[in-house]
Amino acid sequence: MQPQGPELELVHLLRATVVELGLHSARFAARTGMHPTDVRALIALMDASRAGEEMTAGRLGAGLGLNSAGTTALVDRLERAGHVRRVRAVGDRRKVLVEVDERAVALGWEHFGPLIGRVVELLRVYDERELAAIRGFLEGVREAAGGED
């Protein structure tokens with residue numbers, strides 16, 4: 001039996017939100033001549049940078065569900081476009097890291113910045129307890145979506 005009730009209404013609203021965000025990303029990809037996977041890669045790289053984590057090509061590919069050849073092609077394409085650079089790790093010169101170029105960050109902010117600003121404004125009306133509930137819900141949905149079917 002299919003679930004019913006207000007929870008299902010929220011699930012449908014979340015699905016519609018995900019579709020709209022996907023379309024927003026697709027417009028960015030089309031406008032910049034990127035493949036949607038390129039955009040996902042840049043997001044993963046920026047998230048890692050924000051978290052202070054190093055990102056190797058292997059880790060990036062695993063996170064995107066790509067094989068080694070696909071990951072190499074992706075990083076090569078992004079590097080040729082000037083969106084990323086390969087750098088040697090400071091502690092282990094044998095390890096090669098992939099970093100987002102500042103120009104790619106600026107390009108992303110140009111497109112996604114207004115949306116991010118509007119969402120931040122929406123969130124400012126919630127108190128700490130409500131923000132914690134929203135955070136918990138989104139983390140739970142992310143975890144559920146990442147699990148095995």
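These legends go with several close-up views of a predicted model.

**View 1. Helix α2, from end to end.**
Start with α2, which runs through residues 36–50 and so counts 15 residues. From its first C-alpha to its last, α2 reaches 21 Å, close to the 21 Å expected at 1.5 Å a residue. Have a look just past the end of this helix, too: Gly-52 sits just after α2 and takes a positive phi of about 75°.

**View 2. The buried residues of α2 and what they pack against.**
Which residues of α2 are buried? They are Thr-37, Asp-38, Val-39, Ala-41, Leu-42, Leu-45 and Ala-48. These buried residues have plenty of partners: they pack against the helices α1 (6–32), α3 (57–64) and α4 (68–80), and also against the strands β1 (84–88) and β2 (96–100).

**View 3. The largest nonpolar core.**
Now zoom in on the largest nonpolar core, which has 19 residues. Met-34, Leu-45, Leu-60, Leu-78 and Val-84 are the ones with the most contacts inside this core. At least two core residues come from each of α1, α2, α3, α4, β2 and α5. Which element gives the largest share? That would be α2, with 5 residues.

**View 4. Val-84 and its contacts.**
Here we stay with Val-84, one of the residues with the most contacts inside the largest core. Set aside its neighbours within four places in sequence, and Val-84 still touches quite a list. It is in contact with Leu-42 and Leu-45, with Val-75, Leu-78 and Glu-79, and with Val-98, Glu-99, Val-100 and Asp-101.

**View 5. Where α3 meets α4.**
These two helices pack at an angle of about 110°, and their axes lie 9 Å apart. Angles of 65 to 115 degrees count as roughly perpendicular, so that is the word for α3 and α4. Who makes the contact? On the α3 side you'll find Ala-57, Leu-60, Gly-61 and Leu-64, while α4 brings Thr-71, Leu-74 and Val-75.

**View 6. A salt bridge between β1 and α4.**
The whole structure holds 13 salt bridges, and this view picks out the one where the side chains of Arg-86 and Asp-76 meet, at 2.7 Å from N to O. The pair links distant parts of the chain, with Arg-86 in strand β1 and Asp-76 in helix α4, 10 residues apart. Are the partners buried, exposed or in between? Arg-86 has a relative accessible area of 33%, so it is partly exposed. Asp-76 is partly exposed as well, at 27%.

**View 7. Arg-85, Asp-101 and a salt-bridge network.**
Right next door in the sequence, Arg-85 forms a salt bridge with Asp-101, and their closest N and O atoms are 3.3 Å apart. This pair also links distant parts of the chain: Arg-85 is in strand β1, Asp-101 is in the loop between β2 and α5 (102–123), and they are 16 residues apart. Arg-85 counts as partly exposed at 27% relative accessibility. Buried means under 20%, so Asp-101, with a relative accessible area of 10%, is buried. The two don't stand alone, either: Arg-85, Glu-99, Asp-101, Glu-102 and Arg-103 are linked in a network of salt bridges.

**View 8. The salt bridge of Arg-124 and Glu-121.**
Last stop: Arg-124 forms a salt bridge with Glu-121, with the closest N and O atoms 2.4 Å apart. Exposed means over 50% relative accessible area, so Arg-124 makes the cut at 58%. Glu-121, at 46%, counts as partly exposed.

Methods:
Residues numbered from 1 in each chain as written. Predicted model: local features only at pLDDT ≥ 70, side-chain atom pairs only at ≥ 80, totals over all residues. Heavy atoms only, no water. Helix = DSSP H or I, 4+ residues; strand = E, 2+ residues; numbered from the N terminus. Expected span 1.5 Å × (residues − 1). Buried < 20%, exposed > 50% of the residue type's maximum accessible area, 1.4 Å probe, protein only. Contact = heavy atoms within 4.5 Å. Salt bridge = Lys/Arg side-chain N within 4 Å of Asp/Glu carboxyl O. Core = buried A, V, L, I, M, F, W, Y, C linked by side-chain atoms within 4.5 Å. Axes fitted to C-alpha atoms, helices over the stretch in contact; angles between N-to-C directions. Parallel < 35°, antiparallel > 145°, perpendicular 65-115°, else oblique.
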